[in-house]
Amino acid sequence: MTAAPSLPAAPSLPAAPSPPAAGPAPEVASASTRFLDALLAADRPLVMEIKLRDPHGADLLGPRTVTDLVTRYEQAGAPCLSVVTGRWFGGTPRLLREVTATTSLPVLQKDFLTRPAQLEAAAALGASAVLLTAALLPAASLRRLITAALGLGLTPFVEITEEAELERLTRPEACVIAVNNKDIRRRERDTGDLTRSLRLLPALRACGTRAPVSASAITDPADGARLLDAGYAGLLIGTSLMRQGDVGTWTARLDAARLDAARLDAARLEAPGSDAAGLDAARRAVTA
């Protein structure tokens with residue numbers, strides 16, 4: 001999202017032109033797209049999340065180790081991982097280090113990050129992306145943190161719940177922008193509202209992000225398939241996968257639902273009198 005233009009300055013003597021601002025070094029710019037690129041290149045674009053407790057405080061890890069869980073996610077084809085280090089969910093920065101030391105996949109740190117020093121710590125612990133919660137940050141702070149993240153080689157993973165929050169962004173093309181289907185004001189203890197993702201998708205597309213993501217409250221693989229078919233570039237799945245005895249069963253159901261949706265689209269296109277507009281209308285009806 002771009003900042004509002006400032007008022008023009010009063011007339012004065014012409015100033016010498018300023019040299020162009022230096023961008024990040026090529027290796028930093030490349031690192032800052034690692035998480036984003038992995039998600040966009042994935043056949044099954046799921047950010048699989050590791051968190052120790054659910055929003056109500058119930059244990060999610062059980063007898064498994066963090067290494068066990070990372071291995072299961074890798075075997076299930078996760079392109080990226082998310083690690084919740086927030087204390088609400090029993091996390092700590094040590095958990096992030098444990099995960100990044102175990103996997104070569106790009107990893108998102110999910111926490112309420114509000115200061116550049118926290119982004120520096122995330123990078124030092126091996127994160128490839130950092131959560132920035134638009135609802136918690138003034139516009140100037142959000143823009144400053146996006147710029148700082150990119151300068152550190154981190155993908156900004158900006159979480160929104162309202163269209164107006166998109167106006168606080170800068171560099172949306174370099175960000176993952178995620179719609180949180182739950183209410184952080186209730187510590188995500190609500191059941192969630194997936195229609196929020198569907199309502200906000202046109203605004204996400206219009207703002208310029210390449211990676212709109214629907215996050216939280218996606219328990220049914222069929223719902224995940226509908227969100228991807230509607231145009232989301234990825235899904236972030238946390239508690240649902242943590243509670244799965246077999247992650248492969250959940251992902252297989254997602255794949256089957258996506259295949260069904262693709263067949264439905266193909267059948268409608270082949271029907272007499274069908275056209276792209278009709279297909280778009282059919283998709284909207286399916287996701288309504």
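## A closed barrel and its nonpolar cores

The largest nonpolar core holds 58 residues, and the members that touch the most others in it are Met48, Tyr73, Leu81, Val158 and Ile160. Helix H6, spanning residues 139-151, gives the most to this core, with five residues. Please keep in mind that this is a predicted model. The strands form a closed barrel of eight, in the order S1-S2-S3-S4-S5-S6-S7-S8, with parallel pairing.

**The cores**

- Valine 158 is a good place to start looking: leaving out residues up to four places away in sequence, its contacts include Leu132, Ala134, Leu142 and Ile146.
- Valine 158 also touches Leu169, Cys175, Val176, Ile177 and Ala178.
- There is a second, separate core of 15 residues, and among them are Val47, Cys80, Val176 and Leu236.

**The barrel and where it closes**

- From one strand to the next, the twist averages 25 degrees.
- Strand S1 (residues 46-50) and strand S8 (residues 234-237) run parallel and are joined by three bridges.
- Valine 47 has leucine 236 of S8 as its bridge partner, and Val47 and Leu236 both belong to the second core.

**Strand S2, an enclosed neighbour of S1**

- Five of the five residues of S2 are buried, so this strand is largely enclosed by the rest of the structure.
- Cys80, Ser82 and Val84 point one way from S2, while Leu81 and Val83 point the other way.
- Two of these residues can be placed in the cores: Leu81 is among the best-connected members of the largest one, and Cys80 is in the second.
- On one side, S2 pairs with S1 in the parallel sense over four bridges, where isoleucine 50 has valine 83 of S2 as its bridge partner.
- S2 also pairs with S3, again in the parallel sense and over four bridges; here serine 82 is partnered by leucine 108 of S3.

**Helices that link the strands**

- Helix H3 (residues 66-75) lies across S1 and strand S2 (80-84), and H3 runs at about 170 degrees to S1.
- Together, S1, H3 and S2 make a right-handed β-α-β unit.
- Going from S2 through H4 to S3, the chain makes a β-α-β crossover that is right-handed.
- Helix H4 (residues 93-100) lies across S1, S2 and strand S3 (107-110), and H4 runs at about 160 degrees to S2.

Note on methods:
Residues are numbered from 1 along each chain as its sequence is written. This is a predicted model: local features need pLDDT of at least 70, side-chain atom pairs count only at pLDDT 80 or more; totals for chains, interfaces and linings use all residues. Side-chain values use heavy atoms; hydrogens and water are left out. A nonpolar core is a set of buried Ala, Val, Leu, Ile, Met, Phe, Trp, Tyr and Cys residues joined through side-chain atoms within 4.5 Å. Buried means under 20% relative accessible area, exposed over 50%, partly exposed in between (1.4 Å probe, protein chains only). Helices (H or I, at least four residues) and strands (E, at least two) are DSSP runs, numbered from the N terminus. Contact means heavy atoms within 4.5 Å. Two strands pair if DSSP finds at least two bridges between them. Axes are lines fitted to C-alpha atoms, for helices over the stretch in contact, and angles run from 0 to 180 degrees between N-to-C directions. A crossover is right-handed if, with the strands pointing away from the viewer, the path from the first strand over the helix to the second runs clockwise.
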